[in-house]
Amino acid sequence: MTITPRIVVVGGGLAGLSAAVECADRGAEVTLLESRSRLGGATWSRHHRRLGFEIDNGQHVFMRCCEAYRGFLNRIGVADRVFMQQRLSVPVWRPGESAFEIRRHALPAPAHLLPSLLSFRGLSLSERFHAAQVAARLSRLDPEDARLDDASLGDWLGARGSSANEIERLWDLLIRPTLNLPVREASLALAVKVMRTGFLDRADGADIGWSRVPLTELHGEAAAKALAMRGGRVHLRAEVDRIESSRSDGVVVHSRGQALMADAVILATPPDVACKLVPESASTERAALAKLETSPIVSLHIVLDRKVMDVPLGVALGSELEWIFDRSERLGNPSDQYLTVALSAAERWLGRSVRELEAISVAELHRVLPRARAARVVGFAATVERHATFRASPGTRALRPGAGTRIGRLYLAGAFTQTGWPATMEGAVRSGLAAARSAVAVETQPPNRRSRIS
Ligand SMILES: Cc1cc2nc3c(=O)[nH]c(=O)nc-3n(C[C@H](O)[C@H](O)[C@H](O)COP(=O)(O)OP(=O)(O)OC[C@H]3O[C@@H](n4cnc5c(N)ncnc54)[C@H](O)[C@@H]3O)c2cc1C
């Protein structure tokens, strides 16, 4: 006798999608309810009328260490639609100087990055040696040690004699884009997680990858097909407004005036929505979730009438622009160049007009990439995500709930849950898998509920 549990997943971001596919693969009957008219959640794309092509809501990158996310791409059949560096290689530009490169050398971890660190321009020789010693100390810290979440990486580095220059030039370069917070505000625990998993524990962990196709095609559309092939159902524009336990040991999900009975529910919405939807009796989770704050990302999309950079990505030191990507594969005209710039922890960019953003970014581009001075800007757009990620500040760990809740058959998923990872695509996928495994494991056991028997 096989019991087929009915599982409702609320929210079609990466957490909900990975949960839904996992539940279906484990034999559950899955229904996914998404409030918007598309899947993919915080990873999405749209046709930009003025630019004339599909732009993403923001440049999304992953690293080779993001194994759950890469496994998810494989599972939904799109692993061939991403680009992945064979070997970490990032040119670093300093206005007025020749570029240098951060790259992975053929040495065992953590020595693979040592030659790059020791030739890191912008730091004095003694700062480079000091940074190498600090990295070695950091690699011995355990990100699971809850005490690390009481401090910021900035305080920890300061207490170990790191100069302001080291913090700004080196540590901010790595931590700001990965935690979406400056070093001085970032949780030490999450910084240790990123540094160890990405940069120190294995040599290939930080090789960088990104999608070659629009994000909605990569995640939302492909996952919808993968789910349909597994017999799952997806309802778009199906906002859930209430979830309650039912008398018959299940959970009832209310959406658009309809009630859906489920053996288990995986709630994979952003934390503010989860906070409202989790029933009153799960008050501990609600109270913690209400305290989770967010951090914004602003993304710039710049189209130039000629090529101004010859590498797929690079990072600008001492500039407002930070990480710059060449995404010209989106363009019809092969002589133009389409650059995207991700501005992390972007509070200072909020409230500026598109015109202001264009003026600042073009002036900066001229400083960083001198060839841009001869180029004409033929298109510009900015995308703003005010609540892009949860705020990875000290004390966050205590606020992040696990997959289980006090309502036995209600599970939480989302990059904000307790995955040990910062708010990333990897964290979202991991959370979905964890919630799905718990939900299916419990649901295939108890007998006293409505079930389909095959
Ligand atoms: C601009 C930007 C850049 C980023 N860059 C990177 C990067 O480079 N690398 C990286 O790893 N991560 C990056 N991230 C973070 C990453 O995108 C997120 O951590 C991840 O996608 C979150 O997935 P999620 O499923 O947890 O949540 P979400 O994607 O927020 O999904 C939640 C879903 O729930 C739906 N929903 C909400 N309310 C309801 C309701 N009442 N009923 C039904 N459905 C509902 C929402 O519409 C949404 O689809 C970036 C994020 C942004 C915004």
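Is Arg-256, with its C-beta neighbours inside 10 Å, buried or exposed? Select Arg-256, which sits in the loop between β13 (251–255) and β14 (258–262). Arg-256 counts as exposed because it has 12 C-beta neighbours inside 10 Å. The cut-offs are these: a residue is buried if 20 or more other C-beta atoms, placed from the backbone, lie within 10 Å of its own, exposed if 12 or fewer, and partly exposed in between. Phi of Arg-256 is near 50°, a positive value in a residue other than glycine.

Before moving on, note what is on the screen. This is a predicted model, in which local features need pLDDT of at least 70 and side-chain atom pairs count only at pLDDT 80 or more, while totals for chains, interfaces and linings use all residues. Residues are numbered from 1 along each chain as its sequence is written. Helices (H or I, at least four residues) and strands (E, at least two) are DSSP runs, numbered from the N terminus.

**Stop 1: other loops**

Select Ala-345, in the loop between β19 (337–343) and α11 (354–368). Ala-345 has a positive phi of about 45° although it is not a glycine. Ala-345 counts as buried, because 25 C-beta neighbours lie inside 10 Å.

Next, go to Pro-110, in the loop between β9 (100–103) and α3 (114–118). The peptide bond that leads from Ala-109 to Pro-110 is cis, with omega near 0°.

Asp-310 is in the loop between β16 (294–304) and β17 (313–316). With 10 C-beta neighbours inside 10 Å, Asp-310 counts as exposed. Add Arg-140 to the selection: Asp-310 and Arg-140 are 170 residues apart in sequence, and their C-alpha atoms are 38 Å apart in space.

Pro-394 belongs to the loop between β20 (377–390) and β21 (410–412). Pro-394 is partly exposed, with 18 other C-beta atoms within 10 Å. Not counting residues up to four places away in sequence, Pro-394 touches Asp-149, Asp-150, Ala-151, Ser-152 and Ser-187. Two residues are in contact if their C-beta atoms, placed from the backbone, lie within 7 Å.

**Stop 2: a strand residue**

Select Phe-62 in strand β6 (residues 61–63). Phe-62 is buried, with 20 other C-beta atoms within 10 Å. Leaving out residues up to four places away in sequence, Phe-62 touches Tyr-69, Gly-209, Met-425 and Glu-426. Phe-62 and Asn-333 are 271 residues apart in sequence and 28 Å apart in space, C-alpha to C-alpha.

**Stop 3: helix pairs**

Two packed helices are described by the angle between their axes and the distance between the axes. Axes are lines fitted to C-alpha atoms, for helices over the stretch in contact, and angles run from 0 to 180 degrees between N-to-C directions. Angles under 35 degrees count as roughly parallel, over 145 as roughly antiparallel, 65 to 115 as roughly perpendicular and the rest as oblique.

Show helix α1 (residues 14–25) with helix α8 (residues 215–229): they pack at an angle of about 15°, with their axes 10 Å apart. That makes α1 roughly parallel to α8. The crossing is left-handed, meaning that the near helix is turned anticlockwise from the far one by less than a right angle; clockwise would be right-handed. Leu-14, Leu-17, Ala-20, Val-21 and Ala-24 of α1 make the contact with His-219, Ala-223, Ala-226 and Leu-227 of α8.

Now show helix α4 (residues 125–138) and helix α6 (residues 164–179), whose axes come within 11 Å and cross at roughly 70°. That makes α4 roughly perpendicular to α6. Their crossing is right-handed. Glu-127, His-130 and Ala-131 in α4 meet Asn-165, Glu-166 and Leu-170 in α6.

Keep α6 and add helix α7 (residues 188–200); the axes of α6 and α7 come within 10 Å and cross at roughly 105°. These two helices are therefore roughly perpendicular to each other. On the α6 side select Leu-174, Ile-175, Thr-178 and Leu-179, which meet Leu-190, Ala-191, Val-194 and Phe-199 in α7.

**Stop 4: the core**

Which residues touch the most other members of the largest nonpolar core? Of its 132 residues, they are Val-265, Ile-266 and Leu-267. A nonpolar core is a set of buried Ala, Val, Leu, Ile, Met, Phe, Trp, Tyr and Cys residues joined through C-beta atoms within 7 Å. Select Ile-266 last: leaving aside neighbours within four places in sequence, its contacts include Ile-7, Val-9, Ala-19 and Tyr-411.
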